[in-house]
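Me: I have a model to go through, and I want reasons along with labels. Here it is.

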Amino acid sequence: MGFRPTALLLCSAIVTSFAFPAAALDRRVKIVNRTGFTIVEFYGSNKGTDSWEEDILGRGMLPSGESVTINFDDRSGYCVYDFKAVFNDGDVLIRRGVNVCELGTFTYE
């Protein structure tokens, strides 16, 4: 049996299609606020990260009854994130292990 370039290319294509399936997934999540309070800060960090990174809302806020769509694609390939919402009354809600590749909407109620 000699070297067959076509077999190598086929194997390479198969490995690539299975090695990077998360890279093609949609990581946009609609964050809905139905709490009666305004979300003044929102963070989404890769699960297990020691830092919350930066406030995704920046100078913005998310009033009750409103929503915002956030793209969590940071090119890391991660799908599982921890969320932290800070409200204008001082409450903080943390939700760990949110799979942004499988979830289209996340609602605070």
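Me: How many disulfides does the count come to?

Reply: The model is predicted. The count comes to one disulfide.

Me: What makes Cys 79 and Cys 101 a disulfide?

Reply: Their sulfur atoms are 1.9 Å apart. The cut-off is 2.5 Å, so the pair counts. Cys 79 sits in the loop between strand 3 and strand 4 (80-87). Cys 101 sits in the loop between strand 5 (92-99) and strand 6. The two are 22 residues apart, so the pair links distant parts of the chain. Cys 79 and Cys 101 are both buried.

Me: Why is the disulfide of Cys 79 and Cys 101 called left-handed?

Reply: Because the torsion about the S-S bond is about -80°.

Me: How do you know that strand 1 (residues 28-33) pairs with strand 6?

Reply: Pairing needs at least two bridges. Four bridges join strand 1 to strand 6, and the two run parallel. One bridge partner of Ile 31 is Phe 106, in strand 6.

Me: Which residues make up the covered face of strand 6 (residues 105-108), and which the uncovered one?

Reply: Phe 106 and Tyr 108 are on the covered face. Thr 105 and Thr 107 are on the uncovered face. In a regular strand, side chains alternate between the two faces of the sheet.

Me: What lines the largest pocket?

Reply: The volume of the largest pocket is about 190 Å³. It has 14 lining residues; closest to the centre are Gly 44, Glu 53, Glu 54, Asp 74 and Tyr 81. The lining divides into five nonpolar, five polar and four charged residues. Strand 2 gives the most, with three residues.

Definitions and conventions. Residues numbered from 1 in each chain as written. Predicted model: local features only at pLDDT ≥ 70, side-chain atom pairs only at ≥ 80, totals over all residues. Heavy atoms only, no water. Buried < 20%, exposed > 50% of the residue type's maximum accessible area, 1.4 Å probe, protein only. 1 Å grid on protein atoms, 1.4 Å probe; cavity = no way out; pocket = protein on both sides within 12 Å on 5 of 7 lines; lining within 4 Å. Points joined across faces, edges and corners; volume = space filled by probe spheres on them. Nonpolar A, V, L, I, M, F, W, Y, C, P; charged D, E, K, R; others polar.
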